[in-house]
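Student: I should like to take a close look at one part of this model, and then to see how the description extends to the rest of the chain.

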Amino acid sequence: MFIPLYDTNRLRHIRLQYVTIGLIVANALVYLATTLGGENFTNAAVLGLGFIPSVVHDKVELSPEFVVIPESLSYLTYSFLHADIFHLGGNMLFLWVFGDNVEDALGHLRYLIFYLACAVAGAFFQGLVAWDSQVPLIGASGAIAGVVAAYLILYPRVKVWVLAFARIPLRIPAFIPLILWILFQVVMFARAAVGGDEDQVSWACHIGGIIAGSILVLVLRSRGVPLLAGADGEPDPTPKIQQPPVPVEPAAGDPAQPASQWGRGAATPRD
């Protein structure tokens, strides 16, 4: 529907979004490592590091050769694996466009905690919805969904450049594409829940990330960072009420002049 390209939201509290950059680099390196290792290595990584609800909930036991970490760590490790370059590229593009300003609003450490917590929430919600599923969950989408929700709460009216329908460049307020994106996730989650079929996309993971991001941004944002910032990224200024002019008594000896409603002497009418 919309592909984000760039926003006009400058950094105000940090010099460089190095946590966002580090997360992008980490995801790219993990993808390269699992891809260059060949198909067997990729499959082993997905089974060993992906989040599998039935394994985490002790419904199914993973084969010993695939056990590389404690099962509980897969709530995090799954978010650094991606199925293909398009899966990786889409998630990292959203993180690059929106993550820097969320990092700016939260601070480096709190932002890292926020990102990882949203990833955990995405896997947790997926596990609740598909308790017995044996399909591995991979991808940073849960964490990215949390970043999108936080950006929407922090900077809804900041202008962003997007590609509408993947071909039409538009510069529009952020709340338009982000609300539509979130509504799309909700609709697809409801559709999957009603249909009962396992989709290749984990909409439940997205919903979990959205919920976590919406709550955590309220708790973790730095002091003084406003919500619902205006079009320039700053809070809307309080409108100033114009005070009526105060009449001034004429000095002694000066002829009294009628006060103008604009606070200045009225022009002398001419014939």
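With Asp58 as the starting point, is this residue buried or exposed?

Tutor: Asp58 counts as exposed, because its relative accessibility is 62%, a value over the 50% that marks an exposed residue. This is a predicted model, and the values that follow are computed from it. Asp58 lies in the loop that runs between α3 (53-56) and α4. Its backbone has a positive phi of about 60°, although Asp58 is not a glycine.

A second loop residue can be set beside this one. His82 is located between α4 (74-77) and α5, again in a loop, but it counts as buried because its relative accessibility is 6%, which is under the 20% cut-off. Two polar approaches of its side chain can be listed. One is a polar contact between the side chains of His82 and Asn91, at 3.2 Å; in the other, the side chain of His82 reaches the backbone nitrogen of Ala140 at 3.3 Å. With neighbours within four places in sequence left aside, the residues in contact with His82 include Asn27 and Tyr31, then His87, Leu88, Asn91 and Met92, and also Ile138, Gly139 and Ala140.

Several of these names lead to a pair of helices. Asn27 and Tyr31 are among the residues of α1 that take part in its contact with α5, and Leu88 and Met92 are among those on the α5 side. Two packed helices are described by the angle between their axes and the distance between the axes. For α1 (residues 18-36) and α5 (residues 85-106), the axes come within 8 Å and cross at roughly 170°. That angle makes α1 roughly antiparallel to α5, because it is over 145 degrees. The residues of this contact divide into twelve nonpolar, three polar and two charged. On α1 they include Val19, Ile21, Leu23 and Ile24, and on α5 they include Ile85, Leu95, Trp96 and Glu103.

The strands form a separate topic. Strand β2 (residues 159-164) pairs with strand β1 (residues 2-7) in the antiparallel sense over five bridges, and with strand β3 (residues 168-173), also antiparallel, over six bridges. Trp161 of β2 stands opposite Tyr6, and its bridge partner in β3 is Arg171. Farther along β2, Ala164 stands opposite Ile168 of β3. β2 and β3 form a hairpin with three residues between them, and Phe165 in the turn has a positive phi of about 55°.

In a regular strand the side chains alternate between the two faces of the sheet. In β2, the covered face consists of Val160, Val162 and Ala164, while the uncovered face consists of Lys159, Trp161 and Leu163.

These parts belong to a chain with nine helices and three strands, arranged along the sequence as β-α-α-α-α-α-α-α-β-β-α-α. Of its 271 residues, 41% count as buried. Among contacts between residues at least 6 apart in sequence, 77% join residues at least 24 apart.

Conventions. Residues numbered from 1 in each chain as written. Predicted model: local features only at pLDDT ≥ 70, side-chain atom pairs only at ≥ 80, totals over all residues. Heavy atoms only, no water. Axes fitted to C-alpha atoms, helices over the stretch in contact; angles between N-to-C directions. Helix = DSSP H or I, 4+ residues; strand = E, 2+ residues; numbered from the N terminus. Parallel < 35°, antiparallel > 145°, perpendicular 65-115°, else oblique. Contact = heavy atoms within 4.5 Å. Nonpolar A, V, L, I, M, F, W, Y, C, P; charged D, E, K, R; others polar. Buried < 20%, exposed > 50% of the residue type's maximum accessible area, 1.4 Å probe, protein only. Polar contact = N/O pair within 3.5 Å; in protein donor to acceptor, adjacent residues only side chain to side chain. Pairing = 2+ DSSP bridges.
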